[in-house]
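Let's take a walk through a protein model and see how its inside is put together. We'll begin with the greasy parts and then turn to the charged ones.

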Amino acid sequence: MEIQVNHVHSFSLKQPPFSAYPHHRTATTVKVHAVSGNPVKLIQSGTVIAIHPKDAAAAINDDQGYKLLDIRPEWEREKSRVTGSMHVPLFIQDMDNGPLTLLKKWVHFGYIGLWTGQYFTMMNPNFIDQVEKMVPDKTTKILVACGEGLRSMMAMSKLHKNGYTNLGWLAGGFNRAVDGDFADVEGPEKLQYATIGGASYYFLKLLILLQAVGKNTSN
């Protein structure tokens with residue numbers, strides 16, 4: 001299913017495209033491919049509020065009172081994270097070493113893992129329980145975030161089904177954040193690069209280096 005993400009209720013949010021140069025805010029329409037219509041309907045109806053990365057800092061301060069829930073896997077969060085954010089991963093590394101799983105892992109590494117640096121994962125079976133322990137009051141405002149926005153759509157749908165009533169969705173995820181959107185960020189990498197790993201990470205670094213050389217040459 002393909003939908004277009006302009007304003008919250010129409011689910012057509014103007015977002016910059018992710019590139020190696022995140023400071024370029026070129027207006028474009030983000031297309032979100034949703035596995036099911038339920039998360040989309042929650043946003044379209046206003047049941048869940050879509051919040052841009054540039055507006056997230058205001059949403060999580062005392063004015064609006066959202067708590068930021070980072071649902072990325074641990075290896076993405078280790079690279080970069082918003083200071084003070086909560087963390088419960090929606091997906092965790094699949095540690096099963098049975099023959100079938102090992103075959104899947106090998107295929108995953110060849111087609112995805114080598115390029116992206118992502119591990120072979122499984123859904124966290126304790127996701128809801130872990131969130132409930134961290135946020136027992138289900139009327140608490142929670143802004144759900146991931147790298148690109150798709151995993152967080154799945155997470156906020158699960159949270160809504162389990163009784164959480166004041167949910168926000170970080171539209172486009174941390175990948176669409178630029179320097180300064182979040183005042184306090186921890187980790188060795190930029191927040192918008194945390195989902196990038198493997199060979200693609202070195203390709204990105206090369207692009208950034210070439211951009212810097214180009215600027216120096218033009219000056």
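## The main nonpolar core

The largest nonpolar core has 26 residues, and those that touch the most other members are L69, I71, F127, V144, M156, L159 and L167. Keep in mind as you look around that this is a predicted model.

Which elements give two or more residues to this core? They are α1 (38-44), β5 (48-51), α5 (127-134), β11 (141-145), α6 and β12 (166-170). Of these, α6 gives the most, with four residues. There's also a second, separate core of 13 residues, and A59, L68, F174 and A177 are among its members. As a bit of background, nonpolar side chains tend to be buried together in soluble globular proteins.

## Zooming in on M156 and L159

Find M156 in helix α6, which covers residues 150-161. Is M156 buried or exposed? It counts as buried, because its relative accessibility is 0%, and the cut-off for buried is under 20%. If you skip the neighbours within four places in sequence, M156 is in contact with P39, L42, I43, V48, V144 and L167. You can also try locating A145: it sits eleven residues from M156 in sequence, and the two C-alpha atoms are 9.0 Å apart in space.

Now look at L159. Leaving out residues up to four places away in sequence, L159 touches L69, F127, I128, V131, V144, Y164 and L167. V144 and L167 turn up on the contact lists of both M156 and L159.

## Charged partners

How many salt bridges does the structure hold? The count is seven. Three of the residues involved, D70, R72 and R77, are linked in a network. In that network, the D70 and R72 side chains meet at 2.7 Å, N to O, while the side chains of R77 and D70 meet at 3.1 Å, N to O.

Are the members of this network buried or exposed? D70 is buried, with a relative accessible area of 0%, and R72 is buried too, at 0%. R77 has a relative accessible area of 11%, so it also counts as buried.

Another salt bridge joins K138 and E132, with 2.9 Å from N to O. Here the setting changes: K138 is partly exposed, with a relative accessible area of 25%, and E132 is partly exposed as well, at 26%.

Notes
Residues are numbered from 1 along each chain as its sequence is written. This is a predicted model: local features need pLDDT of at least 70, side-chain atom pairs count only at pLDDT 80 or more; totals for chains, interfaces and linings use all residues. Side-chain values use heavy atoms; hydrogens and water are left out. A salt bridge is a side-chain nitrogen of Lys or Arg within 4 Å of a carboxyl oxygen of Asp or Glu. Buried means under 20% relative accessible area, exposed over 50%, partly exposed in between (1.4 Å probe, protein chains only). Contact means heavy atoms within 4.5 Å. A nonpolar core is a set of buried Ala, Val, Leu, Ile, Met, Phe, Trp, Tyr and Cys residues joined through side-chain atoms within 4.5 Å.
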